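I opened this notebook to keep a record of what I looked up, one topic at a time. Each entry takes up one part of the chain.

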Amino acid sequence: QGVLVLGCVACGGCWRHCVVFVAVAAIFMSYLRTSAAVSSSTVSTPASYNKQMVLGGGGDGGRYGSVGESEGPVTDTQHCAAGTSRSGTSRSGTSSSASSVVDESDHCHMNHDVYQRQPLLANHDPYINTNGVIKDGVSGGFYDNSSSTSNGMVKIPIPAPHREAPRFPKEKFKTFLAFLFLLSNWIFTTASLALTHEKVPDYKPLPDVTLDAITVQEWGLNVSEIIIIISVYLCVMVIIFHKHRWILFRRIFLMMGLLYFYRSITMYVTVLPVANPNYYCSPKANYTGPLLVAKRVIQLLSGFGLSINGQHTFCGDYIYSGHTVCLVLAYLVVREYTPRRWWLLHWCFALLAVTGVVMVLIARGHYTVDCLIGYYITTRIFYTYHTLANNAVLKESGSNNFFERLWWYPLFSRFERNVQGVVPRHYESPLPWPRRWSSKNPQRTS
């Protein structure tokens with residue numbers, strides 16, 4: 001008030017000059033009061049503690065990303081907010097006070113951002129201390145405190161990735177055992193034929209709807225065996241170029257061993273007369289000594305059980321047809337382990353299988369029932385085996401798993417226990433150098 005009176009006296013009593021002087025003085029005093037209020041709130045205010053909502057560990061709140069409460073000093077953000085509100089309400093009518101409020105608001109927002117960027121984990125968190133992250137400078141569990149700093153930062157080392165066992169292991173030794181199983185049953189089948197040859201009855205062929213309706217064609221048997229050679233050769237090539245060839249070979253060896261074993265029993269227990277009277281059969285020896293059987297087995301093995309090379313001169317191996325088994329199994333393998341888009345190859349193998357069976361019948365190499373039983377037992381074993389192999393629950397023993405009662409289930413379980421899932425249709429070169437080149441060019445697999 002004294003300043004205002006002195007200003008009016010200095011202006012010589014002119015009321016216009018007094019009004020201008022009073023306005024300037026009011027603006028200047030408002031600026032001084034705002035500056036004094038801000039400085040006093042930031043400097044003279046003692047540090048106090050209050051509960052704040054933070055992310056991460058805290059006294060009563062959640063941990064690891066949850067919202068909790070923790071004790072901490074009141075930051076400049078709260079003081080700035082209080083000072084800003086006071087100055088804004090007391091001096092909101094002037095332009096200088098508005099500018100001051102804006103500056104202080106920006107300063108408060110900056111402090112708020114800085115606070116939010118502080119570490120979420122601190123050394124004083126009781127959960128961390130309890131669980132061995134950091135406790136009195138000693139690390140525990142999987143965490144290391146050797147490089148932790150005073151600002152509460154925690155170093156959590158990431159362990160090296162664990163290398164899991166391959167889903168489709170090669171297991172070459174198991175494949176070798178499966179081959180021995182096939183070889184032993186093949187020898188067992190030839191021995192059974194060597195014995196059956198002595199029991200073949202010498203009378204006319206049995207009535208057969210198919211054989212009686214057609215004229216015998218001697219060349220049909222050779223054509224059928226040529227088709228078998230082609231089908232088996234192409235099937236082996238498909239397996240060799242498959243990425244999981246060892247698994248495929250192991251499965252085929254086991255299934256073929258089972259088929260040969262069953263065939264050795266069926267041909268011996270029920271002996272049928274020769275279907276083609278013109279087919280040459282070796283003379284009977286009227287005795288079955290070990291040396292005679294061994295000699296016949298070697299002769300049959302040398303010709304791979306085929307008649308086209310002249311080594312298969314023993315009769316009686318009718319139930320069931322080995323020709324049908326080879327043709328049908330080759331088709332099933334190619335159909336199962338090649339991509340679906342190779343439908344033309346599938347149809348070619350199916351046509352080869354049907355043609356080969358027809359050639360056997362027109363040559364009277366087998367009765368019709370032999371081919372039907374051969375088809376049925378081959379498809380049942382193939383479908384049963386792959387149903388077991390492609391379903392993990394069927395590989396486990398249990399009272400509800402009736403497949404476990406199959407006599408060959410222990411063999412299957414031994415060979416397939418490490419194969420996890422359906423074998424994918426992936427192909428690669430069996431040689432190393434083309435494989436490295438083809439690895440740079442991914443291919444479709446379905």
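The entries below go from the whole chain to single residues.

**Entry 1: the chain as a whole.** I note before anything else that I am working with a predicted model. I looked up the secondary structure of the protein chain and found 15 helices and 2 strands. Of the 446 residues in the chain, 38% are buried. I then turned to the contacts with a separation of 6 or more, and 73% of them are accounted for by residues 24 or more positions apart.

**Entry 2: the disulfide.** How many disulfides does a search of the whole structure find? I got 1 disulfide, and it joins cysteine 281 to cysteine 315, with an S to S distance of 1.6 Å. I read the link of these two cysteines as left-handed, with -90 degrees about the S-S bond. Cysteine 281 sits in the loop between helix 9 (245-269) and helix 10 (290-302), and cysteine 315 in the loop between helix 10 and helix 11 (322-337), so the pair ties together parts that are 34 residues apart in sequence. I also checked how each partner is placed with respect to the surface: cysteine 281 is partly exposed at a relative accessible area of 24%, whereas cysteine 315 is buried at 3%. I looked at two further cysteines as well, and cysteine 326 counts as partly exposed at 22% relative accessibility, as does cysteine 348 at 40%.

**Entry 3: helix 11 against helix 12.** I looked up how helix 11 packs on helix 12 (residues 343-362), and the angle is about 175 degrees, with the axes 9 Å apart. That makes helix 11 roughly antiparallel to helix 12, because an angle over 145 degrees counts as such. On the side of helix 11 I listed residues including His323, Leu327, Tyr331 and Arg335, which meet a set in helix 12 that includes Leu345, Phe349, Ala353 and Val360. When I sorted the residues of this contact by type, they divided into 11 nonpolar, 4 polar and 1 charged.

**Entry 4: the nonpolar cores.** Which residues have the most contacts inside the largest nonpolar core? They are Leu259 and Val333, in a core that has 49 residues. I found that helix 6 (172-196), helix 8 (219-240), helix 9, helix 11, helix 13 (368-389) and helix 14 (409-416) each supply at least two residues of this core. The largest share, 10 residues, comes from helix 9. Following leucine 259 outward, and not counting residues up to four places away in sequence, I found that it touches Tyr320, Val325, Leu329, Ile377, Thr378 and Ile381. Apart from this core lies another, of 7 residues, among them Ile228, Ala353, Leu361 and Cys371.

**Entry 5: buried residues with polar or charged side chains.** I began with histidine 323, whose place is in helix 11 and which counts as buried at 13% relative accessibility. Leaving aside neighbours within four places in sequence, I found histidine 323 in contact with Leu221, Ser224, Glu225, Ile228, Val360 and His366. Histidine 323 and serine 224 are 99 residues apart in sequence, yet 7.8 Å apart in space, C-alpha to C-alpha.

I went on to lysine 174, which lies in helix 6 and is buried, with a relative accessible area of 13%. With residues up to four places away in sequence not counted, lysine 174 touches Arg250, Arg414, Phe415, Arg417 and Asn418.

Arginine 245 lies in helix 9 and counts as buried at 10% relative accessibility. Its C-alpha atom is separated by 9.1 Å from that of tyrosine 427, 182 residues apart from it along the chain.

**Entry 6: backbone details in the loops.** Where is the place of asparagine 286? I found asparagine 286 in the loop between helix 9 and helix 10, with a phi near 65 degrees, a positive value in a residue other than glycine. Asparagine 286 is exposed, with a relative accessible area of 70%. Phenylalanine 304 lies in the loop between helix 10 and helix 11, has a positive phi near 55 degrees, and is exposed at 61%. Tyrosine 320 lies in the loop between helix 10 and helix 11, and I noted that the peptide bond leading to it from isoleucine 319 is cis, with omega near 0 degrees.

How values were computed
Residues numbered from 1 in each chain as written. Predicted model: local features only at pLDDT ≥ 70, side-chain atom pairs only at ≥ 80, totals over all residues. Heavy atoms only, no water. Disulfide = S-S within 2.5 Å. Helix = DSSP H or I, 4+ residues; strand = E, 2+ residues; numbered from the N terminus. Buried < 20%, exposed > 50% of the residue type's maximum accessible area, 1.4 Å probe, protein only. Axes fitted to C-alpha atoms, helices over the stretch in contact; angles between N-to-C directions. Parallel < 35°, antiparallel > 145°, perpendicular 65-115°, else oblique. Contact = heavy atoms within 4.5 Å. Nonpolar A, V, L, I, M, F, W, Y, C, P; charged D, E, K, R; others polar. Core = buried A, V, L, I, M, F, W, Y, C linked by side-chain atoms within 4.5 Å.
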